[in-house]
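Trainee: I should like to look closely at a single part of this structure. Please take one strand and describe its surroundings, its pairing and one of its residues in a connected account.

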Amino acid sequence: MLTYKVLAPLSQMQVIQSARRSDKKLLMAFFDLLEDDPFQLGQNEIFDAELERVYQQSKIGKHLVTHWVDHAAREIRVVNLEKTD
């Protein structure tokens, strides 16, 4: 079985640290789920300006997570994490 890891910039990690405990649990469970099955699709798909990369967006609790999967490196890269409410 291939092992994937979730990676996020420190600025995105600060969003998690400032989240309520219940939202932290939801986010961490979502990241664990992605590591177990990186082929999951988000609720929305968006493309970069060059139409080369597809980003998945998922609403998790009160947060919107945008990520893409680098299968060659076995990494799930969080590019944006923001509180929506």
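Mentor: In this predicted model, strand E3, which spans residues 54–60, is mostly covered, with five of its seven residues buried. Its pairing may be followed on each side in turn.

Strand E2, residues 44–47, pairs with E3 in the antiparallel sense, and four bridges join the two. One of the bridge partners can be named here: Val-54 of E3 is matched with Phe-47. The hairpin that E2 and E3 form has six residues between the strands, and Leu-51 in this hairpin takes a positive phi near 60 degrees.

Strand E4, residues 63–70, also pairs with E3 in the antiparallel sense, here over five bridges. In this pairing, Gln-56 has His-67 of E4 as its bridge partner. The hairpin of E3 and E4 has two residues between the strands, and Gly-61 is the residue with a positive phi near 60 degrees there.

Within E3, Gln-57 merits a separate look. Gln-57 counts as buried because its relative accessibility is 15%, and the cut-off for buried is under 20%. When neighbours within four places in sequence are left aside, Gln-57 is in contact with Gly-42, Gln-43, Asn-44, Ile-46, Leu-64, Val-65 and Thr-66. Among these contacts, Asn-44 and Ile-46 fall within the residue range of E2, whereas Leu-64, Val-65 and Thr-66 fall within that of E4. As a general point for reading such a strand, side chains in a regular strand alternate between the two faces of the sheet.

Definitions and conventions: Residues are numbered from 1 along each chain as its sequence is written. This is a predicted model: local features need pLDDT of at least 70, side-chain atom pairs count only at pLDDT 80 or more; totals for chains, interfaces and linings use all residues. Side-chain values use heavy atoms; hydrogens and water are left out. Buried means under 20% relative accessible area, exposed over 50%, partly exposed in between (1.4 Å probe, protein chains only). Two strands pair if DSSP finds at least two bridges between them. Contact means heavy atoms within 4.5 Å.
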